[in-house]
Amino acid sequence: MSNPRARTTDLLKQPTGDDLVIFDQHRNIAHTLNRTAALVFEHADGTRDVAGLVSVLQAELNETADEDLVLMTLDKLRRAHLLEDAGPRSAETLRASRRRFVRKIGLVGALTLMLPVVETAVAPTPVMAQSGSATGGDSATLPPGLCVSNDQACANGL
Amino acid sequence: MPSSNPADAPLKMHTDAFVEADALYFSCYGAQVGILADAVGVLPALLDRLPPHATISDAPVSSCTYQLRLTEATPDSPHCTLSLGNTTLVDNVPLTEGLNRLVSSLQVAVSCHAQNYLFVHAGAVVWKGTALLLPGLSHAGKTTLVKALVEAGATYYSDEFAVLDDNGRVHPYARPLAVRDEAGQVTHQPVETLGGVAGTKPVPVGWMLALQYERGAVWEPTPLSAGQGALRLLENTVMARTRSEDALRIFGRVMETAQAWQGKRGEATQTVAALLHLLEAGG
């Protein structure tokens with residue numbers, strides 16, 4: 001299996017507090033990665049295998065970090081289309097990793113903050129932002145060209 | 001522009017060719033908007049209905065130009081057609097209705113064409129020197145909550161758009177509050193009629209609360225991380241796709257100073273009491 005490699009194209013990145021916010025210009029969605037997810041994303045450059053990423057997390061976060069934590073994080077990044085390689089592991093394999101890691105750290109205490117979080121939101125078009133509808137909704141008050149199907153029209157001055 | 005009463009506008013037969021007889025240009029937060037009419041006497045009615053902070057411009061420069069043409073109608077009921085570019089917004093409707101539609105559209109046009117500012121659908125007030133943003137799409141109850149906050153002593157910035165600059169500060173967009181009654185009818189109430197005042201200066205954001213109305217909801221907001229707060233803002237940003245780089249940078253700045261929360265809220269009055277308690281406690 002090749003080393004995990006994070007996507008680098010069509011992505012905008014912005015450190016925000018302890019998180020990393022990423023805008024996927026290809027899919028028009030945004031993600032926020034907590035510190036664990038951000039560390040794996042930033043260091044998954046194809047030169048490190050899973051063990052190498054474990055070392056990064058152990059150095060930057062906590063000695064408790066292990067292979068299960070890295071695999072869980074990679075799965076979350078894959079599901080968010082933030083990795084170059086193939087689709088996620090099976091749900092059962094993923095659950096097993098999570099069970100093992102949670103059992104290891106216990107469900108209380110600061111160590112739960114190590115669990116990876118990748119939250120995603122859709123960037124609306126102007127029509128969606130106006131109406132609250134992902135399908136466009138009532139565009140009655142929008143100037144036409146602002147941008148029922150193609151908001152590039154708006155950027156181009158209608 | 002000699003008359004301000006649209007009913008006094010001279011009638012004009014619709015023809016295919018648009019012949020400009022009057023023009024109005026304004027700028028607002030860097031957006032330059034033009035309105036052309038094929039008759040005199042119509043545009044003055046718009047002067048006090050332009051987006052807040054609009055400045056009339058002498059130069060015929062615009063990135064967004066509307067055409068308003070009067071159409072055939074009875075003498076006591078002038079009608080109009082409103083278009084933008086090649087697209088007709090309304091066709092042969094009563095002039096009053098056409099102007100109302102234009103006024104609504106102008107606000108969205110400004111939000112889309114603003115330069116150096118980012119428009120986020122959010123209520124905005126200032127409480128003790130820092131801004132509170134209430135992101136939410138249209139009909140999410142922003143005005144109701146903003147009105148209650150103003151009545152509780154907050155300084156009014158907007159009931160529709162938080163206008164953010166590159167440093168993450170919010171600027172006033174103090175349009176009259178669009179207060180909706182139980183029948184769904186909207187009246188536009190200047191903040192002064194509520195006993196409130198509008199802000200005039202940019203201020204840093206101290207709080208961002210993404211609240212969702214639910215009848216009888218218990219007030220239990222949960223804190224968000226900075227990145228989660230940025231996502232809540234992005235979800236309500238007018239030009240989120242075309243200005244994503246600006247949005248990420250600006251929201252990064254906002255979240256340097258802001259605490260973010262989300263949760264369900266009940267009625268505005270109870271929400272405001274709980275919300276102010278949260279703010280007074282420093283989050």
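Trainee: Which residue in β8(B) is the bridge partner of A124(B)?

Mentor: L133(B) is that partner. Keep in mind that this is a predicted model.

Trainee: What makes β7(B) and β8(B) paired strands?

Mentor: Six bridges join β7(B) to strand β8 (residues 130-135) of chain B. Pairing needs at least two bridges, so the two strands qualify. They run antiparallel.

Trainee: What is notable about K128(B) in the hairpin of β7(B) and β8(B)?

Mentor: K128(B) takes a positive phi near 55°. The hairpin has two residues between its strands. Most residues other than glycine have a negative phi.

Trainee: How do you know that β7(B) also pairs with β9(B)?

Mentor: Count the bridges again. Three join β7(B) to strand β9 (residues 155-158) of chain B. The cut-off is at least two, so this counts as a pair. These strands run antiparallel. In β9(B), S158(B) stands opposite A124(B).

Trainee: And how do you know that β7(B) pairs with β10(B)?

Mentor: There are four bridges between β7(B) and strand β10 (residues 161-164) of chain B, in the antiparallel sense. Set against at least two, that is a pair. One bridge links H121(B) to F161(B) in β10(B).

Trainee: Why is strand β7 (residues 118-127) of chain B called mostly covered?

Mentor: Nine of its ten residues are buried. Buried here requires 20 or more other C-beta atoms within 10 Å.

Trainee: Turn to the six-stranded sheet of chain B. What puts β3 and β6 at the edges?

Mentor: The sheet is open, with the order β3-β1-β2-β4-β5-β6 and mixed pairing. β3 and β6 of chain B each have a single partner strand, so one side of each has no neighbour in the sheet. From one strand to the next, the twist averages 20°.

Trainee: How do you know that β1(B) and β2(B) are paired?

Mentor: Seven bridges join strand β1 (residues 22-28) of chain B to β2(B). At least two are needed, so they pair. Their sense is antiparallel. A23(B) has L36(B) in β2(B) as its bridge partner.

Trainee: What lies across this sheet, and at what angle to β6(B)?

Mentor: Helix α1 (residues 95-113) of chain B lies across β1, β2, β4, β5 and β6 of chain B. It runs at about 155° to β6(B).

Trainee: Why is N92(B) called partly exposed?

Mentor: N92(B) has 15 C-beta neighbours inside 10 Å. Buried takes 20 or more, exposed takes 12 or fewer. Its count falls in between, so N92(B) is partly exposed. N92(B) lies in strand β6 (residues 87-94) of chain B. Its phi is positive, about 55°, although it is not a glycine.

Trainee: What makes H53(B) partly exposed?

Mentor: H53(B) has 17 C-beta neighbours inside 10 Å. That count also sits between the limits of 12 and 20, so the label follows. H53(B) is in the loop between β2 and β3 of chain B. Its phi is near 70°, positive in a residue other than glycine.

Trainee: Now the helices. Why are α2(B) and α5(B) called oblique?

Mentor: Their axes come within 9 Å and cross at roughly 60°. Under 35 would be roughly parallel, and 65 to 115 roughly perpendicular. The angle fits neither range, so α2(B) and α5(B) are oblique to each other. The crossing is right-handed.

Trainee: Which residues make that contact?

Mentor: T144(B), L145(B), A148(B) and L149(B) come from α2(B). A268(B), T269(B), T271(B) and V272(B) come from α5(B). By class, there are five nonpolar, three polar and no charged residues.

Trainee: In chain A, what makes α3(A) oblique to α4(A)?

Mentor: The axes of helix α3 (residues 67-79) and helix α4 (residues 91-105) of chain A come within 9 Å and cross at roughly 140°. Roughly antiparallel starts over 145, and roughly perpendicular ends at 115. The angle lies between those bounds, so α3(A) is oblique to α4(A). This crossing is left-handed.

Trainee: Which residues of α3(A) and α4(A) meet?

Mentor: D68(A), L69(A), L71(A), M72(A) and D75(A) of α3(A) meet L94(A), S97(A), R98(A), R100(A) and F101(A) of α4(A). The classes are five nonpolar, one polar and four charged.

Trainee: Last one. How do you know that L12(A) is in contact with chain B?

Mentor: Its contacts include S244(B), E245(B) and L248(B). Contact means C-beta atoms within 7 Å. L12(A) is in strand β1 (residues 11-16) of chain A. L12(A) is partly exposed, with 15 other C-beta atoms within 10 Å.

Technical notes: Residues numbered from 1 in each chain as written. Chains lettered and ligands numbered in written order. Predicted model: local features only at pLDDT ≥ 70, side-chain atom pairs only at ≥ 80, totals over all residues. Axes fitted to C-alpha atoms, helices over the stretch in contact; angles between N-to-C directions. Left-handed = near helix turned anticlockwise from the far one by under 90°. Contact = placed C-beta atoms within 7 Å. Nonpolar A, V, L, I, M, F, W, Y, C, P; charged D, E, K, R; others polar. Lists of a residue's contacts leave out its neighbours within four places in sequence.
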